[in-house]
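Got the structure open in your viewer? Let's take a walk through it, one selection at a time.

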Amino acid sequence: MLTAFYMFRLYATTFLGNFRGTEKQSGHLHESPPAITIPLIILAILAVIAGFVGIPEVFAKNSNALEHFLHPVFAGGSEGSESIPASTEWMLMGVSTVLALAMVLYALSRFSKKPELAEPTGFGKWMRDKFYVDEIYDALIVRPINALADFFDSIVEKRMIDGLVNGTGRLVQYGSRQLRYLQSGQVGAYVLLMVVGIVILFVVQLFLRK
Amino acid sequence: MVPVLLIGIPLLAGLIGFSLKNAAAKSWALFASLLVLGVSLTGICLPKNSKQLLFSTEWMGTLGSRFAVSLDGTGQILCLLTALAFPVIFISTWKEEYKKANNFFSLMLLSQTGLLGVFLAGDALLFYFFWELALIPVYFLASQWGGEKRIAATFKFFIYTFLGSLMMLIGILYIYFHTRDHSFALSAFYQAHMQIPAETQSWLFWLIFLAFAVKMPIFPFHTWQPDTYEQSPSAVTMVLSGVMVKMGVFGVLRWLAPVLPMGTYMWGDTVSALCIIGMIYASLIAMRQDDLKRLVAYSSIAHMGLMCLAIFATTEAGIQGVMIQMFNHGINIIGLWIVVYLIEKQFKTRKISELGGIAAKAPVLTTMLVIITLANIALPLTNAFIGEFLMFSGVYSSKATSYNVVFTVCAAVTIILSAVYMLNMVQRVFYGPVNGRTENAVDIRTNEKMVLGFLVILIIVIGVYPEPLFRLTQGAVDSLLAKMYVKP
């Protein structure tokens, strides 16, 4: 029923009624090339034939080619669905055909003259904007991942890890620059350092060793 | 004889190359690399137990080190990759003009010597020797012919990898002193863990693993890589990412996991966690890169992380996947680098934001790139799918860890991320509106079509029929798992 409605709304707004483009565009209207029309014709014929493949029991006994087609797939499942009485089948077919036809007529009469829709509000707007699934997805997944990636790229990678690596290099260079001052060339300073070293060694020998 | 030729040809050709005229050097290098490829293919055609695949002679007798080289399954697949990569690189960058071209091509051949040596060595000292031999030419190549910030980048690269290598040397020496008859032979190293208690193996593991972790690279030892890839000349970047990072994976497969099985099991979870952090981390960073070279660099970190993860799962499927994926990743990433190189050469920029709409002008290049991209994402029918699928199933069925499901799920997230950054790149560089830079784009030349076409054919053939690669590596997988006490 809903399918009948929106398909025929599509048909009515696109193919019926007055042309809504500019003068110039209307001059460009033409039939599609055969590369498009021929496959379409084939598909249309197949669509009609396909409808008769699964023809219900009430029209033609034992001619439903589809009914047993999937049988091998469900083998071992529910064995043989119960057959529906013919009257129920007639009723289901009748009701759905009537409803679908009603929607077709409604769609055609509503949209072939004035195809424009009023700006939807409330529930309609919610549906028009695809229930905001895209926005929710964007907020919940896309943006956090991008933010995380930016954080990794600019902070963790450049500052922390690379900073640590380059920092090691800088520390060595800085340390060497400072240690350089020890090599002053003054013999007195060297002797002093030597004596300090000897004292430290003595302390270690005397007090710290067992 | 085959392994000796594999090492000897590029070594001799490289040394001769230094004395050649600049114009002749290019053809000479291509000739030598094709010769190596021929020898490598001959090696694969020989029966597995052929005497021609082994060579051993006295080298440093007093130290217990021999010049022992052999070609087994793992070595074969990586030698084939190395042998394939160099001609591909030479042909695809054929039009590039280098200053002092003779030195450039000689150093390239010397680095090939080092790489092949690493994959062939059956002696720890020899392995270390070639490991360094592969590093030194690359240092000169990148620092002489690289980009603007090449000195800083190569210095960092050298210190990083050299620190790792020295740690590994200490580790090798420690194991050497614990071998029964003080020998550097691979077989003696495989026996040594009987004499080394578990606690010792635990820290010894890190000494050796550090070298491999830097090389692969594993988070957080990776920061040399994007800088070096960015600053190196394209041909060198292709060698580095296509072949040289595989040295790390290979090292773990041959010189770490079977040598220190206890250490490997003890640290399996830690290393796996690092791999997964690195995979997600690098994928996320790749999403935010504007420079094509850095994007591919980070993508490579993510893919290498998966290989390392699969090794530490120690399952048959996982290890098999790693071996095949090493080869596949080499092919795919060299293909990506060739495309990046062609783009940079034509448009004088690597910034994604400055490119767009190339597809309409260069349909062949675009087609090739899209196939290589799909392979990099590991879509079915491409080579990487085979490898990654095996690795994922290996990690999932791992008995070495109790977090196998968590690991698999986390690692699988990176496939989605890789699709995000790769497809995003394709979209922004090749589709969309053209701009001032890209409106006069021309398609690629015949030599470039040939090389990329060859890689694309390899991608699809291996993706559809990987059986030959399985057969090549099956023996190596079995013997590795036996040494890890997974298989009898």
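**Starting with chain B**

Select chain B and colour it by burial: of its 488 residues, 58% are buried. Keep in mind as you look around that this is a predicted model.

Now zoom out to take in the whole chain. Along its principal axes, the C-alpha atoms of chain B fill a box of roughly 70 × 55 × 45 Å. Its radius of gyration is 21 Å, which agrees with a compact globule, because one of 488 residues would come out near 23 Å.

Switch to a cartoon view next. What you'll be following in chain B is 19 helices and two strands. Try drawing the contacts, too: taking those in chain B between residues at least 6 apart in sequence, 81% link residues at least 24 apart.

Time to head inside. The largest nonpolar core holds 186 residues, and helix α13 of chain B, residues 316-347, supplies the largest share of this core with 18 residues. Highlight that helix, then pick out Cys308(B) and Leu309(B), the residues with the most contacts inside the core.

Stay on Leu309(B) for a moment. Which residues does Leu309(B) touch, leaving aside those up to four places away in sequence? Select Ser272(B), Cys275(B) and Ile276(B), then add Val395(B), Phe407(B) and Ala411(B), and you have them.

Last stop: bring chain A into view. Here seven residues of chain B are in contact with 10 residues of chain A. Colour the chain B side of this meeting place by residue type and you'll find five nonpolar residues, one polar and one charged.

Notes
Residues numbered from 1 in each chain as written. Chains lettered and ligands numbered in written order. Predicted model: local features only at pLDDT ≥ 70, side-chain atom pairs only at ≥ 80, totals over all residues. Contact = placed C-beta atoms within 7 Å. Nonpolar A, V, L, I, M, F, W, Y, C, P; charged D, E, K, R; others polar. Core = buried A, V, L, I, M, F, W, Y, C linked by C-beta atoms within 7 Å. Buried ≥ 20, exposed ≤ 12 C-beta atoms within 10 Å, placed from the backbone. Helix = DSSP H or I, 4+ residues; strand = E, 2+ residues; numbered from the N terminus. Rg over C-alpha atoms; globule rule 2.2 N^0.38 Å.
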